[in-house]
Amino acid sequence: MESARQPSTSRDTFDVLIMATMSAGKSSLVNALIGQELLHIANEATTACHTRIEHRRGAKYFTGTCYSHSNLLLDRQRNISAERVRDWNAHRQVRRITLTGRFRSHPGPTSGLVLHDTPGPNNSQNDRHAQLAFEAIQNVPFKTLLYVLNASQLGTHDDRNLLERLRNKSATRGNNPFGFVLNKVDLLDPEKGEDLAEYVAKTQSYLASIGFDNPVVIPCMASTALYAKKALAHEPLSRAQRMKLQQALDDLPISKDALLESAKVPLQVKKRVFQSLKRLEKAHETGRANHQLTKENELRQLVLCSGLGTIEAFIKHQRKLSAPA
């Protein structure tokens with residue numbers, strides 16, 4: 001083993017801290033932004049370490065390293081697998097993980113993008129999760145913080161407690177804009193009166209009551225976006241993933257504008273996403289004779305309309321705002 005310094009924080013990087021309570025779908029969102037299922041996903045606490053994931057343009061695969069609590073290098077892996085990342089994350093000796101590779105995004109991700117995944121601090125079985133999460137707030141040089149909310153469990157005690165602590169701890173860091181991702185909106189049932197626009201408005205009111213003024217709220221279907229990106233990369237999907245993806249594609253013609261319209265984001269962000277959608281729709285009409293191109297176009301439209309396109313556009317908007325004049 002050897003000692004290791006913290007990764008350098010070049011001024012060319014744009015760091016995004018991602019936080020949530022347990023099982024909000026945070027790992028699905030990170031995987032969707034990366035474009036592959038690299039982080040473990042399950043209906044339980046799955047993130048136990050601080051994981052730093054850096055986009056490296058032109059990389060053929062992801063390289064990973066893991067470090068101990070005393071900052072010793074424990075292992076390094078080229079072309080790392082999701083299974084190895086899962087094993088590192090579950091190992092009690094591992095405190096942090098770094099992953100470097102090319103993010104799959106169309107158009108490409110913002111330059112220098114670095115994502116920081118943190119444990120959900122409401123895991124009652126492990127107090128270390130909370131410690132690591134709040135250390136990240138103090139130590140990560142983030143420019144934007146994405147907080148993931150579960151649309152089917154909005155306003156829980158754990159969420160409010162974490163958001164209040166987050167608001168207080170981040171107040172000392174200056175103007176670090178927040179973006180709130182209302183994930184799992186595909187679980188809402190319109191036939192039961194669960195209207196998307198009303199849920200977004202309810203989320204804004206909930207966040208305002210905690211002290212976040214005029215919050216950015218982006219409804220999202222992170223797992224659907226991930227499956228679409230995997231399909232675009234010709235990666236295998238499970239039977240359940242294929243069924244969910246096909247249902248989303250079937251619903252796309254009648255629902256594609258819903259998440260885009262209901263997002264509470266700066267006008268420039270919404271305009272950028274709708275422009276991208278119009279370009280895809282135009283290309284779809286001109287390429288109908290080619291079945292493969294038509295299928296890829298539909299998948300790209302789904303990624304864009306799943307809310308992921310709005311999140312990616314919001315990150316680029318924040319990058320632009322943070323650039324020196």
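**Aromatic cluster**

I began with the cluster that ring pairs build from Tyr-147, Phe-178, Phe-180 and Phe-212, where rings of Phe, Tyr and Trp (its six-membered ring) pair if their centres lie within 6.5 Å. The model is predicted, so I kept to the rule that local features need pLDDT of at least 70 and side-chain atom pairs pLDDT 80 or more, while totals for chains, interfaces and linings use all residues. Residues are numbered from 1 along each chain as its sequence is written, and side-chain values use heavy atoms, with hydrogens and water left out.

My search of the whole structure returned five aromatic pairs. Phe-178 and Phe-180 form a stacked pair, 6.0 Å centre to centre with 5° between the planes, stacked being the term for planes under 30 degrees apart. Both Phe-178 and Phe-180 are buried, that is, under 20% relative accessible area, as against over 50% for exposed and in between for partly exposed (1.4 Å probe, protein chains only). For Phe-180 and Phe-212 I noted centres 5.1 Å apart and planes at 70°, so this pair is edge-to-face, the term for planes over 60 degrees apart. This second pair links distant parts of the chain, 32 residues apart, with Phe-180 in strand E9 (residues 178-183) and Phe-212 in the loop between helix H5 (196-210) and strand E10 (217-219); helices (H or I, at least four residues) and strands (E, at least two) are DSSP runs numbered from the N terminus. The relative accessible area is 1% for Phe-180 and 7% for Phe-212, so I entered Phe-180 as buried and Phe-212 as buried too.

**Charges over rings**

I then looked for charges over rings, which requires NZ of Lys or CZ of Arg within 6 Å of the ring centre and within 35 degrees of the ring normal. Arg-96 lies over the face of Tyr-67 at 3.9 Å from the ring centre, and Lys-202 lies over the face of Tyr-199 at 4.4 Å from the ring centre.

**The chain as a whole**

For the chain I recorded eleven helices and ten strands, with 52% of its 325 residues buried. Of the contacts (heavy atoms within 4.5 Å) with a separation of 6 or more, 76% are between residues 24 or more positions apart. The accessible surface, from the Shrake-Rupley method with a 1.4 Å probe, comes to about 16,100 Å², and carbon and sulfur atoms hold 47% of that.

**Pocket and cavity**

I searched for empty space on a 1 Å grid over the protein atoms alone, where a cavity is a set of points that a 1.4 Å probe fits but cannot leave, a pocket is an open set with protein on both sides within 12 Å along at least five of seven lines, and lining residues have an atom within 4 Å of a point. Points are joined across faces, edges and corners, and a volume is the space filled by probe spheres set on them.

The largest pocket has a volume of about 600 Å³ and is lined by 22 residues, of which Val-185, Asp-186, Met-221, Asp-251 and Ser-255 lie nearest its centre. Helices H7 (239-255), H8 (258-262) and H10 (291-305) each supply at least two residues of this lining, and H7 gives the most, with seven.

I found two cavities of 30 Å³ or more, and the second largest holds about 60 Å³ of space. Its lining includes Leu-33, Phe-103, Glu-312, Ile-315 and Lys-316, and helix H11 (residues 308-322) makes the largest share, three residues.

**Helix H1**

Leu-33 also appears among the buried residues of H1. Nine of the nine residues of this helix (residues 26-34) are buried, so H1 is largely enclosed by the rest of the structure. Gly-35 follows H1 and has a positive phi, near 100°.

**Single residues**

Ser-306, in the loop between H10 and H11, counts as buried at 0% relative accessibility. Leaving out residues up to four places away in sequence, I listed Pro-219, Cys-220, Met-221, Ala-225 and Leu-259 as touching Ser-306.

His-284 is in helix H9 (residues 267-286) and counts as buried at 10% relative accessibility. With the same sequence neighbours left out, up to four places away, His-284 touches Thr-294, Asn-297, Glu-298 and Gln-301.

Ala-258, placed in helix H8, is partly exposed, with a relative accessible area of 36%. I noted 8.1 Å from C-alpha to C-alpha between Ala-258 and Cys-305, which are 47 residues apart in sequence.
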